[in-house]
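Please open the structure in a viewer and keep the sequence panel visible. The tour below proceeds by selection, with a short account of what is found at each stop.

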Amino acid sequence: MPPRANAVSIADMTPARAVFAALLVLSPPVPALEAFKIDLQEIDTVPTVTAEAVVAAPAERLWEIIDRCGDYKNTMVSIIDSHELWRKDDKRSCDITADLPFPLPNLRGITEAINTIEPGKRWRRAWHQTSGDYITNTGSWTLTRVDAQRTHVVYTLAAKPHIAIPAFATRIGQRQIIPALFEKLEAQGQGRAIGDTAPIATE
């Protein structure tokens, strides 16, 4: 049967489009996560993602992981380097480098985060960039206890780098990376995959 007129092969694509198309085709199925949802939008030209799921792990353990940004190269997904620069009271400063697929360059951002905790109920970390490779880089983690072994987790990110990345590439990346991020967080929260511990600097 001849191919459809509008069919496009990887050979006909630009290098960047071919890389992301191959990633989409070859990526494994998304693991099952309870009540997982992801919403991708572009708000004022800024790619924005909101994802949530009920994670089968205690909130306190998940918060330990999220609060240690120096470990993100081990505990998160697509992070090639991470350092916690300082912490004071409820504030943290982090230096994070995101690992982007070839031919795109890696992206570095220095952020400042504020932690807000309702003991035993809700934990929230919200950050914004203070310097780095992004025009906009803001986001948050919010953990709400469901019961002793389950946590409702909400992740948001609004990030636009100085370099131009096609919208299709951003969508493909987020649809692959975010579910993997939640799965890895759940695994670590259950003690199945714990990253190395990085030292913490204090002011």
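A salt bridge is here a side-chain nitrogen of Lys or Arg within 4 Å of a carboxyl oxygen of Asp or Glu. Select D71 and R68 to see one such pair: their closest N and O atoms are 3.4 Å apart. D71 counts as buried because its relative accessibility is 6%, under the 20% limit. R68, in contrast, counts as partly exposed at 25% relative accessibility. The model on display is a predicted one.

**The whole chain**

Next, select the entire protein chain and colour it by secondary structure. Four helices and eight strands should appear. Read from the N terminus, the elements follow the order α-β-β-α-α-β-β-β-β-β-β-α. The chain has 203 residues, of which 39% are buried. With a surface displayed, the exposed area is about 11,100 Å², and carbon and sulfur atoms supply 57% of that area. Among contacts with a separation of 6 or more, 52% are between residues 24 or more positions apart.

**Helix 2 and its charged residues**

How many salt bridges does a search of the whole structure find? The search finds eleven. As general background, side chains of opposite charge can pair when their charged atoms come close.

Select helix 2, residues 59–67, and show the side chains of R61 and E64. These two residues form a salt bridge, with 3.0 Å between the closest N and O atoms. They are three residues apart in the helix, and therefore about one helical turn separates them. E64 is partly exposed, with a relative accessible area of 43%. R61 is also partly exposed, its relative accessible area being 22%.

Now add D67 and R92 to the selection. Their salt bridge has its closest N and O atoms 3.1 Å apart. This pair links distant parts of the chain, since D67 lies in helix 2 and R92 in strand 4 (residues 91–98), 25 residues apart. Are these two residues buried or exposed? Both R92 and D67 are buried.

Return briefly to D71 and R68, whose salt bridge opened the tour. To see a wider arrangement, select D67, E84, R87, R92 and R125, which are joined into one network by salt bridges that share partners.

**W123 in strand 6**

Select strand 6, residues 122–132, and centre the view on W123. Why does W123 count as buried? Its relative accessibility is 5%, and buried means under 20%. Beyond its neighbours within four places in sequence, W123 is in contact with A59, E60, W63, T116, I117, W141, T142, L143 and R145. Display the C-alpha atoms of W123 and T144 as well: they are separated by 6.6 Å, although the residues are 21 apart along the chain.

**Helix 4 and Q174**

Finally, select helix 4, residues 167–189. At 1.5 Å a residue, its 23 residues should span 33 Å, and the end C-alpha atoms are 32 Å apart, so the two values agree. Within this helix, select Q174. Q174 counts as buried because its relative accessibility is 13%. Leaving aside neighbours within four places in sequence, its contacts are I38, L40, V49 and P179. The last stop is G191, which follows helix 4 and has a positive phi, near 80°.

How values were computed. Residues are numbered from 1 along each chain as its sequence is written. This is a predicted model: local features need pLDDT of at least 70, side-chain atom pairs count only at pLDDT 80 or more; totals for chains, interfaces and linings use all residues. Side-chain values use heavy atoms; hydrogens and water are left out. Helices (H or I, at least four residues) and strands (E, at least two) are DSSP runs, numbered from the N terminus. Buried means under 20% relative accessible area, exposed over 50%, partly exposed in between (1.4 Å probe, protein chains only). Contact means heavy atoms within 4.5 Å. Accessible areas come from the Shrake-Rupley method with a 1.4 Å probe; for residues, only the protein chains shown count as cover. The expected span of a helix is 1.5 Å times one less than its number of residues.
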